[in-house]
Each structure stands twice: as C-alpha cells, then as structure tokens.
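These are my notebook entries on charged side chains and how they pair, with one more residue looked up at the end.

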Amino acid sequence: MKGRFPQGSASSNYVNRKIPLFPEAEQTAERLAETPEFKQAKNIKVNIDMAQEAVKLQVLKANKTLFVAPSQKSDYLYAKIKLPSSVEEVPLVQQRRIVKMLAGEDTYEELGIDQTEPLDMVVVGCVAVSERGQRIGKGNGYVDLEIAILVNLGVITPKTVIATTVADEQVYSELQADLFQNYDFTVDLIVTPTRVIRVNPRPEPRAVGVQWGLLSSRRLDVVRVLKKLKERLESEGKHIELKGEDTDVESFRKRRTRGSGSAGQQDRRRQPNRRRRSTRNSAAGEGGKSANEQDGNGGGEGGNESGEGGGPRMRRKRRFSRKPRRYSRRDSGDYGSPDGGRTAGEDGGDGQQQQQQQQQRQRPYPNKGSRMRPKAGGHAANGTNGPAGSGNRDHQKQPRPPRQQKPQLPDSVQIRVSNMFSVPFKDFKDELRTRDCYPAKISQSRNGRCLLIFPKRDELVEQAQADELLQKLADMCITVPQKNSAEPKQIKLKFELQPKSKDFGENDATSIASAANRAARRSNDACRKLGVSEVAPSVDGAEQQPAEPLTNVDELVLEVQAATLLAARAAKAASVVTDKVLLESKPAIDAEAAKEQSPDDPDRSKKLLAQVEVLTKAGAEALAAATKAEAAAAVTTVTTTPTATEGAEPQPPPVPAKEQVPAMSSATQEAARAVAAVAYAIAKLFELVPPTQSSVAVASLSTVTRLFRTLLPATTTASTTTNTTTTATTVSS
C-alpha cells in the first residue's frame, strides 16, 4: 500500500507523533452524521484530535450535546459544550473556538466523576484500524485509559457506540493479535470517505475497566481524575494496589533547557572556566572580611572599597585575576617564555601554577591567529603534539554534520500578509489555528509582511483553494497592547494572493527571446540525456557534453514537453509584440517616408520600409512556429495506464511518447530562432526610427546580437559586426 503521507512532504507535518489529519476529514464527518447510529444518539463525546474536529461541528449542527476532553492536568472527567445561542447564529470561526474551549468559560462546563451523564456515542481517532474493530493509537495508552474510566463509572454502557473516522488507507482487513493487550478496546463503527464499516460480530468484552495493577503513581499524577476515582473506590472499601516500578510511557516530556537536566548538563551550560561571583558576607564571623581578603588578596583590613574597615559593603571578587606583565630582553634566554623569566621561588611558589594556566589558554595550533589542522602522524605544524596529545584533544572541534535541506513545495498556494508591524507572531499563529488554517511554512520578512505557504490540495482547483483560504482569513484582527495607553489596539491584517512569477515580460522583446533561448537549452539537455541523436545544434550558452546514462525517461520527456510549451508561449508573445511595434511605429515611419531624401543617406526610406517588411515576416514566422510547437507538444500516445476504478489514487498527467521527443525538440529550436529574429528586427527598427513613446522594450542591436548569436543567421551577425566596426573606426578617426 502506498503511503498517504510520504516522509518529507508538507502533509507529513500533520501526522508525525499524532493521529493523522487526512484531507477528507470533513467529508468523512458528514458521512458519519448520515448514519443511523449518529442520528439516534443524543450525548456524543469526541476526542481532541484534529481529524475529529469536523465531527464536533457536525454534532453542534445536529443540535446534540457535545462532550470533549477537559482542560489539561485537571481532575475533571469531561467538559460539556454550551452554545450561547442557536448554532445558526454562531459564525463558523466562533464554533471552532468553542469546540476547542477557547471562547470563554461561559461556553463549556467541566464535570467531575460525581456529575456523570451517560454517553450514546464516543468518537475516537486512530492511526490504524482493522475491519474487526482492532484499533492502534499513538501508543501512549491514554485513550484506552479514558475508555476504561468511563466504563468504570458507567458512562459507557453496552448501548454506547464507539466510532472512528479515518482515511481509507488506515483501514486493514486484520491486524496481528500479538499487537494488542487485554485492556485495548475495540470500535463498533468505522467511517471512511468512501464507505461505512460496522463491526459484526461485536467483540466481547469490547472494553474493560481500569487495571490498577498496571498503573504507577506517576500515571495518577498525569491523569488526575484517576486520583479521584481511586479515593472514591477506597472509600467504598475496595483495596487498590499500584505497581511499584514506573514503566509507563511518558508523554509530558520536559523541554531541555539550560537550567534543567543532570548536574553534568548544568556544568556544560556555560564555559567551565568561568568563576562565580562570591556571595556577600561569606565569612561574617571573621570581622566582616570578604573572601578575597581571607585568601590574602584583599587590599586592606576592612571589607569596603575605600579600604576602611567595618563597612557593610564588601569587595566583589574579580572574575578574572589581573596579573602584572613581565617583560624580558630579546637577548636574554628567557625571552618568549610563558612566565616571562620568573621562577617558582620569585613569585612565592605560584610561578609553576601560572605557567600551566597560561599554557592551557594558548591556542592548540598557533599560526599568526589562524587555525591549523594537524599534519599526518599526529603532529601540528609547530612540532607539538596534535590530536594525540592530551592538551590539544579538548580544543579540537568536531566537524558539524551537513545541514539537511528542507523539502520544497512544488505546488503550493501562497497568501501574502501585510500590516504586521507590531503583531506578536505567537498571537498570529494562534489565530490561524482558530480559523482552521495550517500553513506548511510561514516565511517572515521585514516591513510588516509575511508569506503563508499552503500545500496544494489535489481535490481542489488552485483558485478555489485560494478563495477558500481568503474567506477563512477575512476580517482577521489581532489585539495588541499599546505602550502609552491602557486600552488595547485592534490591528486588522490584510491578506491577498501572492502572484506567481512569470517566465518573461509580455512587453519586453529581449525577455521573450531569453525565455525561448532558455527553453531551447533545456530541451537540448534533456534530449542529450535521453540519447536522442536528432537534436538541433547547441543554442547560446549550452555546452556540448558526452551522453549521460539514462535516468527516468518520463521525467525527461515531460521536461522536453514543458520546454516546448514555453517556447510556444514565447513565440506567441513575440507575434503580439510585433503587431504592437508596427502599430505604434506607423506614424513615425510615415513621417520619415514623407521627408525629403537626405544627401548623407539617400536610401533611408527604402531601408525603413524594407525593415518593416522584415519585422512583419518575422512576426508571421513566430506565430507559425508557436502553432507548430503546440502541435508537437500535444500528447498523441499515452504511456501511462488510465485508472478505471472509483476511489483509487489520482494518476499523474499523461506523458508523451519518447518518439515525439525529436519533433518537440525541433519545434522548440525553430520557435527560439523565430523569437530571436523578432527581437533583432525590432532592435534594428528602433535604431532606424528611435521610438518616442513605446510600450515595447528591447535591448540595443549589439546586445541582442551578442545574446542570441547562435540563434540568428550568420549573415545577420556578420553585418552587425561590420557596422559596429565601421562606426568605431569613424569615431576614432
């Protein structure tokens, strides 16, 4: 079975270490609401997993009583949701806040073990489930324990239906029996996006009560309602014995911070050679002297800074000892020694200790301030021991492992957010969760803007998904406290769809020709990898390389097809640009033709009319090349097998046959040459008649020739080079 959420994909963020949030969760919740079991139930409890949030909304929509989990680390059994008015009057965004117990204390009521109400249906989440009702959760055992508590209290009766909503890929025909224990409960109703499975025959017993012998005292601290239940049962005379050894799965893991951990971790949080500040009045019984003065380092008899005794202010111990510098002559034998020529007897026996400390502070591989790696044999460049030495072993840094690149999202919907100058990012993310918006990535930037990147959903068109997201994010306001006022400020955020980058500028002839040249280059590279021999000559910027071993054929064929379609779009744009240039340049051309012939250039009008004909012909050839490229890129033979079964995974788009690659490559090269000819003709026309106001931009004639030399005819480039040389000679003379 193919994985629904491959590792590294954007959707895998919603399934790691949790119940999977599958895309069809809302559709599955609607199918559950249509079952007779749901319609007959009045009190329904739904677990806190995100995949079952749509079920909670369906319970409210059906005007049934909704029960959810209580607040974390409380001693209540569950919470009853209370709507302030009818469900039709409450907006959907507010309903999502209410079912998450985020809309205020007046929207829910937490009930203890003495305020129980029987349940008609319990909806849980699953990682995997079998058609026989076997369920696998996250592995912590909290849902099994919750069901056991409800069974002990009589909240779950034999008439209570235990249901689950999962994706089709999470349902198995049967799971291994050795994966389950006697305290694992089974489900009665399994609802997927495409079917409803009723477990028949119903397993007996479906769920058992609390197994106190399998619980430790720590588990009672985590699930605090167990303490209440234990005290109640012991007051009734029942003897309860917990297991002595704590082997439960820990779920509330503490974060590793600088202040937490073992003693070794606390020692490693800062540099080991830093000294702590000495506490005040560390030795009050010795006349008020500080620790420095007791060690013989004080400056006087008293403890204050002025040197007078008896003051309450103590001298603070220095973090680093200040040592006098000793200098020696260059011609002495002690020059350059760590102790400056001192001996152990000269400084009271501390010279050897100071010398050792200074050697520890020296760099392991001194080389004028730069780092040196040890040479082969374990010796550094200065002759001292390298890694094999005991002194340098601690100074060596381990090489950092290569940083893994984050998976890119090829198909995504991007929403641009503005007006976020003083909005706390945490509050913004909380509001996104409230509105059921979970971007795969949030790209922060300056100037009060950020970018929300959502993975593309296969079942929706991109524009429809963008409209749905913009509707959810509409009228979002964040409350921000003000510095000089006690009243908070409401900041309204602005959301808009991020436009995608274009392949070329529609009114820039040079950009259009560059896109066509880029398409021809990609087509040549893919054809060389495919081993297609009939490939056009190398385009500008492409290097002839030996044939590479064949890789994925379908991907390379699709790459050739994409390059052909890009060249076709560029050729169409070149034809449109040609019409614009001819239309805008017509008044200037007519004015030049009506002028008297200049003695310096008597054939100017003829050259101008001839260039107009050249441009018109180039535009027509570009349009014909675009039509040919579109026909060549059309799929005539499908290599993939079409799907005939309903509900199966969507198949990729059809791939052209490998036999179409030479035709596509030839059409791409032809379109690239036609577009380059249009850019050259426009540049030459603008050289003859400089435009006053034109909506079309193009580079100079020499630049166009230099950029697209291999796409233009040899006679054209030779004439351009001759004209440039003649102009340069005239200017120099």
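Entry one. In this predicted model, I began with R198 and found that it forms a salt bridge with E37, with the closest N and O atoms 2.8 Å apart. I then looked up where the two residues sit: R198 belongs to strand β11 (residues 196-198) and E37 to helix α2 (residues 36-40), so this pair ties together parts that are 161 residues apart in sequence. For R198 I noted a relative accessibility of 43%, which counts as partly exposed, and E37 is partly exposed too, with a relative accessible area of 23%. As a reminder to myself, I wrote down that side chains of opposite charge can pair when their charged atoms come close.

Entry two. Next I turned to R433 and D430, whose side chains meet in a salt bridge with an N to O distance of 2.7 Å. Both residues lie in helix α12 (residues 425-434), where they are 3 residues apart, or about one turn of the helix. I looked up their accessibility as well, and R433 is partly exposed at 39% relative accessible area, while D430 is partly exposed at 30%.

Entry three. My third pair was E670 and K628, which form a salt bridge whose closest N and O atoms are 2.8 Å apart. This pair links distant parts of the chain, since E670 is in helix α17 (residues 661-688) and K628 in helix α16 (residues 604-633), with their positions 42 residues apart in sequence. E670 counts as partly exposed at 31% relative accessibility, and K628 is likewise partly exposed, with a relative accessible area of 41%.

Entry four. I then asked how many salt bridges a search of the whole structure finds, and I wrote down 26. I also recorded a network of salt bridges that links E53, R96, K100, D436, R457, E468 and K472.

Entry five. Last, I wanted to know whether S575 is buried or exposed. I located S575 in helix α15 (residues 553-594), and its relative accessible area is 9%; because anything under 20% counts as buried, I entered S575 as buried. Which residues is S575 in contact with, once its neighbours within four places in sequence are left aside? I listed G619, A622 and L623 as the residues that S575 contacts.

Definitions and conventions
Residues numbered from 1 in each chain as written. Predicted model: local features only at pLDDT ≥ 70, side-chain atom pairs only at ≥ 80, totals over all residues. Heavy atoms only, no water. Salt bridge = Lys/Arg side-chain N within 4 Å of Asp/Glu carboxyl O. Helix = DSSP H or I, 4+ residues; strand = E, 2+ residues; numbered from the N terminus. Buried < 20%, exposed > 50% of the residue type's maximum accessible area, 1.4 Å probe, protein only. Contact = heavy atoms within 4.5 Å.
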